[in-house]
Amino acid sequence: DQTLRGVRGRVYRGRMNQQELFLLADATLRSVIDQLTPEQLASPAPTAWSRTENPTLRDILASHAKDEAWVPDVVAGRTIEEVGDRWEGDLLGDDPIGSYDRLNDAATAALAHPLHLEHVVHLSYGDFPMSTYFEHTTFYRTFQAWDIAKLVGLDATLPPELVDGVWELVEVQVEGLRAIHVFGPEIPIPAGADVNCVATIAELP
């Protein structure tokens, strides 16, 4: 995928900060979404992925589109009250993948230059340093990229630098993240299996 290759070429210079890791996770998710067919978008998605009753993959894509739409406002420090209902309703229209891509492009453009990761941003569940916002959204995008690819039968291999970066962030705070239900309980893995990150974190609840 051209977008993913471009991001990997720009940001991977050894150890990544939270902004760079987010960009890589975001491009990885887009590389999966861009391969989805209309038939796949209409297919059922696991109910655990959405608050929508009987969700389809289009419903999941709609959630990601809204998440992308909010990125420029969040990093600009705007509050929910300031943004209002701008991103309510159907953001996908008759061209779901294209609409998502355009919102993703805008999100990527908002992160074109290094941001002040210590600045506070305003999320639906509280105020946090921007670095924490990037961590949370990186976890979500990374696992959704893997989950969606597995669901529809695509190659679910994640970029190794993304896996290493996520694991470095998660390893030191995994129990705290479980306590607030970001991740489920640890699952056992066979000896010698190279899936420690996935098994320790388990699936998103």
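In the predicted model described here, Phe-22 is buried, its relative accessibility being 0%. The structure holds three aromatic pairs, and in one of them Phe-22 meets Phe-134 in a tilted arrangement, with 5.2 Å from centre to centre and 40° between the planes. This pair links distant parts of the chain, since Phe-22 lies in helix H2 (residues 18-33) and Phe-134 in helix H7 (residues 130-152), 112 residues apart. Phe-134, like its partner, counts as buried because its relative accessible area of 0% falls under the limit of 20%. Ring pairs also bring in Tyr-133, so that Phe-22, Tyr-133 and Phe-134 are linked into a cluster.

A further aromatic pair is formed by Tyr-125 and Phe-128, which is likewise tilted, at 5.4 Å centre to centre and with 50° between the planes. The surroundings of this pair can be described from the accessibility of each ring-bearing residue. Tyr-125 has a relative accessible area of 47% and is therefore partly exposed, as the exposed class begins over 50%. Phe-128, at 24% relative accessibility, is also counted as partly exposed, a value that is not under the 20% required for a buried residue.

The chain as a whole provides the setting for these pairs. The secondary structure of the protein chain consists of ten helices and two strands, and from the N terminus on the elements follow the order α-α-α-α-α-α-β-β-α-α-α-α. The protein chain has 205 residues, of which 45% count as buried. When contacts between residues at least 6 apart in sequence are considered, 61% of them join residues at least 24 apart.

Two packed helices are described by the angle between their axes and the distance between the axes. Helix H2, which carries Phe-22, also packs against helix H6 (residues 96-110), the two axes coming within 11 Å and crossing at roughly 170°. Because this angle is over 145°, H2 is roughly antiparallel to H6. The crossing of H2 past H6 is left-handed. On the side of H2, the contact is made by Leu-23, Asp-26, Leu-29, Arg-30 and Ile-33, while H6 contributes Ile-97, Tyr-100, Asp-101, Asn-104, Asp-105 and Thr-108. Divided by class, the residues of this contact comprise five nonpolar, two polar and four charged.

Helix H7, in which Phe-134 is found, packs with helix H8 (residues 160-171) at an angle of about 130°, and the axes of the two helices are 11 Å apart. That angle makes H7 oblique to H8, and the crossing of H7 and H8 is left-handed. The residues that make the contact are Glu-135, Thr-138, Phe-139 and Thr-142 from H7, together with Leu-162, Val-166, Leu-169 and Val-170 from H8. In terms of class, the contact of H7 with H8 has five nonpolar residues, two polar residues and one charged residue.

A last position to be considered is Val-174, which belongs to helix H9 (residues 174-179). Val-174 is buried, because its relative accessible area is 9%, under the limit of 20%. Between Val-174 and Pro-185 the separation is eleven residues in sequence and 9.9 Å in space, taken from C-alpha to C-alpha.

Technical notes:
Residues numbered from 1 in each chain as written. Predicted model: local features only at pLDDT ≥ 70, side-chain atom pairs only at ≥ 80, totals over all residues. Heavy atoms only, no water. Helix = DSSP H or I, 4+ residues; strand = E, 2+ residues; numbered from the N terminus. Buried < 20%, exposed > 50% of the residue type's maximum accessible area, 1.4 Å probe, protein only. Phe/Tyr/Trp six-rings, centres within 6.5 Å; stacked < 30°, edge-to-face > 60°. Axes fitted to C-alpha atoms, helices over the stretch in contact; angles between N-to-C directions. Parallel < 35°, antiparallel > 145°, perpendicular 65-115°, else oblique. Left-handed = near helix turned anticlockwise from the far one by under 90°. Contact = heavy atoms within 4.5 Å. Nonpolar A, V, L, I, M, F, W, Y, C, P; charged D, E, K, R; others polar.
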